[in-house]
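The following exercises concern the fold, the cysteines and the backbone geometry of a structure. Each task is followed by a solution in steps.

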Amino acid sequence: MSNNVTMPQLTAKDFASDQDIRWCPGCGDYSILAQVKKVLPTLGIPREKFVFVSGIGCSSRFPYYVNTFGFHSIHGRAPAVASGVKIVRPDLSVWVITGDGDALSIGGNHLLHAIRRNLDIKIILFNNRIYGLTKGQYSPTSEFGKKTKSTPMGSVDFPLHPLSVAIGAEATFVARSLDVNTKHLEEVLVRAAGHKGTAFVEVYQNCNIFNDLAFEYVAGKDTRDDHMLALEHGKPLIFGKNRDRGIRLSGTTPEIVQLGGDVKEDDLLFHDEKANEPTLAYLLSRMHHPDFPEPMGVFRAVQRPTYEALVNQQIGAARAQQGEGTLEALFDDGETWVVN
Amino acid sequence: MSTATAPTSGARNIKTVQLDEIVIRFVGDSGDGMQLAGTQMTNTTAVFGNDVVTLPDFPAEIRAPAGSLAGVSGFQINLSSHDIRTPGDQVNCLVAMNPAGLKANLADLEPGGILLVNEDAFGKVNLQKAGYEVNPLEDGSLAGFRLFKVPLDKLTTEGNKGSALTARALGRCRNFTALGLVYWMFNRSLNETLRWIDAKFGKKPEVAQANANALKTGYYFGETCETFVENYQVPKARIAPGRYRKLTGNEAVALGLVTAAKLAGKELFYGSYPITPASDILHQLSIYKNYGVRTFQAEDEIAAMTSVIGAAFAGALAVTGTSGPGVALKAEGIGLAVCTELPMVIVNVQRGGPSTGLPTKTEQADLLQAVCGRNGECPVPVIAPCTPGDCFNMAIEAFRIALEYMTPVMLLSDGYLANGAEPWMLPSEASLPKLRVQHPTAPNSDGGFMPYLRDAKLARPWAVPGTPGLEHRIGGLEKEDVSGNVSYDPLNHEHMIKTRAAKVAGIAKSLPKVEINGSPTGGDLLVIGWGSTYGAINTAVERCRRNGMDVSSVHLRYLFPFQQDLGDVLKRFKRVLCPEMNLGQLSKLLRATYLVDVMSLPKVQGKPFMVRDIAGAIEALMKGNNGR
């Protein structure tokens with residue numbers, strides 16, 4: 001409480017709240033919560049400066065489980081609530097926790113606009129490709145044809161791809177990770193926290209009740225190496241258990257090639273997360289299982305002024321030019337006249 | 001209307017007739033600049049020292065087909081040498097720029113009233129568009145009025161001989177030619193408008209010159225044309241001494257909000273999505289950046305609402321402004337604000353509904369939406385200003401309630417208040433209320449910080465992010481009393497529902513007593529209203545009292561909760577009449593709350609009440625009374 005004491009080194013424990021966690025046993029959310037709690041103390045930000053904002057859904061209970069300021073808002077609106085917080089308090093570290101239904105269905109509009117404004121907020125989207133809290137309807141990321149409670153004959157909705165949407169909305173930071181790959185998730189969260197601007201992170205998250213093993217191809221020990229591609233800035237796109245396959249561009253279309261023989265590493269596509277144009281990031285966001293290994297890591301990380309910085313610059317400029325507004329000046333403005 | 005006549009000096013023998021009050025209406029195409037001409041007339045008149053009340057009336061379409069009835073735009077001004085409260089029932093002088101404007105407005109012109117028409121616009125095509133088979137300027141149908149046919153287009157062109165502007169551009173100045181003639185007719189000075197033209201078009205000297213020429217041409221035409229044998233003078237009004245400016249309701253809301261922030265030592269956040277007739281509040285607030293005002297044009301109404309919730313959570317004085325359709329979209333967000341018990345203001349500038357309804361017309365049909373329109377037991381205090389200038393006071397009052405009771409507050413304005421203007425005396429800072437804000441800096445219990453531990457007024461503490469040791473989580477799920485933790489306990493739920501209701505009901509203790517205009521001890525009839533009907537109701541009631549009727553009025557600015565003594569006041573009168581621009585929403589609330597047999601006087605035409613609408617209803621009731 002005192003101002004004179006230097007900040008003690010916090011640990012993950014300091015970020016645990018006193019509330020019982022009510023996610024289903026075995027839910028992927030536990031792992032994400034653990035990694036977030038692990039990352040927060042490493043950021044050099046006092047605990048009281050964190051604000052976690054969420055919408056509705058299983059993932060959106062998250063703020064109750066971290067001992068920071070938290071706001072559990074209404075369905076889909078977390079990015080808008082977070083925008084209000086960040087515009088008036090740019091000093092706060094603002095995190096949005098959302099899910100595939102919350103962010104891309106009911107809250108699609110707010111997600112797009114928060115991203116294009118590039119507010120310095122961190123948006124973590126738990127994608128489990130299903131509606132959990134409402135007990136098992138298909139979501140905007142569910143596969144075409146998926147049989148769920150609300151689609152007994154299979155879904156005829158074509159799915160959205162979160163990262164493609166974010167890139168289309170002019171995102172400055174886009175990344176993907178996986179709940180069970182804790183080390184990778186931790187690295188991606190650290191990168192997102194360090195980005196000055198909207199950081200959009202899709203986390204593949206297993207719902208063991210309504211959509212179990214949806215991401216087994218990238219989570220399972222035996223399959224993951226052949227079905228994921230770890231992105232590294234400046235490095236060629238290589239994957240596979242033996243790191244013997246790569247992605248090459250054929251015209252404007254990516255193709256999988258076998259390394260060795262006449263295909264050299266230099267023939268492959270090289271990752272550039274800092275590319276000004278989002279073309280490469282978008283192309284990577286379109287690579288899907290089972291046709292391609294799915295890229296994991298940072299797709300895009302570019303710099304653009306943040307919305308709240310620009311807003312507050314204008315406030316500062318107006319104050320510098322006109323001086324701090326007074327009530328007298330507010331009232332006595334424009335044409336006035338005196339009645340005696 | 002007229003009292004005395006006196007000859008004026010000058011080459012011609014022109015009489016200047018003294019009038020107490022005059023109602024002028026400018027009408028034309030929505031592209032004819034009628035709102036501008038009306039605003040200029042208002043400014044000039046206010047600066048001169050008349051009391052003035054205005055009623056702009058424009059179509060929802062920016063440019064409806066030229067010459068059509070749908071595209072008619074109007075601006076009515078009541079200027080007076082005494083205190084007035086309405087824009088006037090009957091028009092004394094109608095300025096019609098085209099046949100459609102004439103056709104749509106002639107019925108409101110008094111018999112024998114002054115009718116200035118732009119005869120150049122009465123060609124075959126325009127007549128057809130307005131549905132005239134014969135030219136009304138020639139068939140004698142206007143014989144009951146003092147008709148002046150003025151060639152406004154020709155005058156505008158001739159007054160600008162040698163101008164580099166195109167004929168089309170010059171044509172756009174004809175509203176100033178008409179205004180100049182009106183200035184001559186009502187003895188107004190050109191100076192205010194010439195100054196305005198200079199400031200507005202200073203960077204385009206040829207445009208400034210053309211408008212100034214047009215204004216003067218119109219004025220001199222009045223002075224020299226022998227058709228005009230008299231003009232009119234409305235002496236200054238005797239109004240309270242002080243410095244004044246002209247203010248519309250929307251401007252007054254904006255000023256009130258900025259003032260509230262200053263008084264509270266806070267910065268203002270205004271999250272809004274453009275919507276008629278509320279957008280001007282957004283425009284106005286966006287220029288007050290040096291007051292620390294942050295305006296956020298959100299992606300939709302819901303984002304506007306929820307960004308305001310976020311800003312309030314983070315410690316700002318947060319406001320959203322919209323109209324009825326926007327409030328409908330915000331309803332879930334308002335519920336969240338009620339549940340999280342954060343202070344904020346929701347401004348609803350009401351317009352005609354349902355659905356998109358009549359976007360540019362006025363109505364009071366969102367009262368029940370404001371009081372009841374959310375899921376669950378969701379009490380929100382509702383207050384309403386009664387004049388454009390009162391919008392300033394009530395915006396501050398909204399924040400007073402929000403901050404003292406930690407609650408969202410709904411401020412119900414309407415299109416008539418929003419766009420109507422009146423002289424407003426600049427307040428002294430000392431006359432303004434004090435607004436106190438307290439943010440806790442230390443835990444409020446041995447067990448740590450309890451976000452729902454309440455004070456005597458049942459308000460919870462407003463702890464803002466960034467305060468060490470006060471980290472807490474709130475949201476839309478039901479709270480456990482005191483701790484604010486999520487709770488599904490049935491008895492706790494009922495306790496919280498009752499506590500939130502009691503908190504809002506308790507606001508009544510902080511409200512002033514009901515003011516009765518007329519007989520405080522009671523009588524035959526009480527006329528009760530709320531919002532923008534104030535002027536029409538009070539003027540009608542005072543007129544009826546002068547005619548010997550035992551009638552009083554009460555005008556409510558607090559609609560939820562009501563003032564504590566309201567039930568008692570209602571019961572002092574034999575009968576209660578409630579004029580409203582809806583089908584009886586306040587009547588319904590009064591009947592339900594007090595079991596009083598309130599009679600409703602509804603008017604839902606997108607137009608404000610006329611004084612005669614209400615006076616007529618009072619007279620009819622009183623006659624019935626006497627006959628018994």
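**Exercise 1.** Determine what share of the contacts in chain B with a separation of 6 or more comes from residues 24 or more positions apart.

*Solution.* A contact requires heavy atoms within 4.5 Å. Under this criterion, residues 24 or more positions apart supply 76% of the chain B contacts whose separation is 6 or more. The model is predicted: local features need pLDDT of at least 70, side-chain atom pairs count only at pLDDT 80 or more, and totals for chains, interfaces and linings use all residues. Residues are numbered from 1 along each chain as its sequence is written, chains are lettered from A and ligands numbered from 1 in the order in which they are written, and side-chain values use heavy atoms, without hydrogens and water.

**Exercise 2.** Assess how compact chain B is for a chain of 628 residues.

*Solution.* Begin with the secondary structure, taken as DSSP runs numbered from the N terminus (helices: H or I, at least four residues; strands: E, at least two). Chain B has 20 helices and 23 strands. Its radius of gyration, over C-alpha atoms, is 27 Å, close to the 25 Å of the globule rule, so chain B is as compact as a globular protein of that length. The rule is 2.2 Å times the number of residues to the power 0.38. Along the principal axes, the C-alpha atoms of chain B fill a box of roughly 90 × 70 × 45 Å. Finally, 63% of the 628 residues count as buried, where buried means under 20% relative accessible area, exposed over 50% and partly exposed in between (1.4 Å probe, protein chains only).

**Exercise 3.** Explain why C339(B) forms no bond with C378(B).

*Solution.* A disulfide is a covalent bond between the sulfur atoms of two cysteines. The criterion is a pair of cysteine sulfur atoms within 2.5 Å. The closest cysteine sulfur to that of C339(B) belongs to C378(B), at 8.2 Å, which is too far for a bond. C339(B) is buried, at 9% relative accessibility. Over all chains, the disulfide count is zero.

**Exercise 4.** Locate the cis peptide bond between T276(B) and P277(B), and describe the backbone of E341(B).

*Solution.* The bond joining T276(B) and P277(B) has an omega of about 0°. P277(B) sits in the loop between β11 (268–272) and α10 (279–285) of chain B. E341(B), although not a glycine, has a positive phi of about 50°. E341(B) occupies the loop between α12 (324–340) and β14 (344–350) of chain B, and is buried at 0% relative accessibility.
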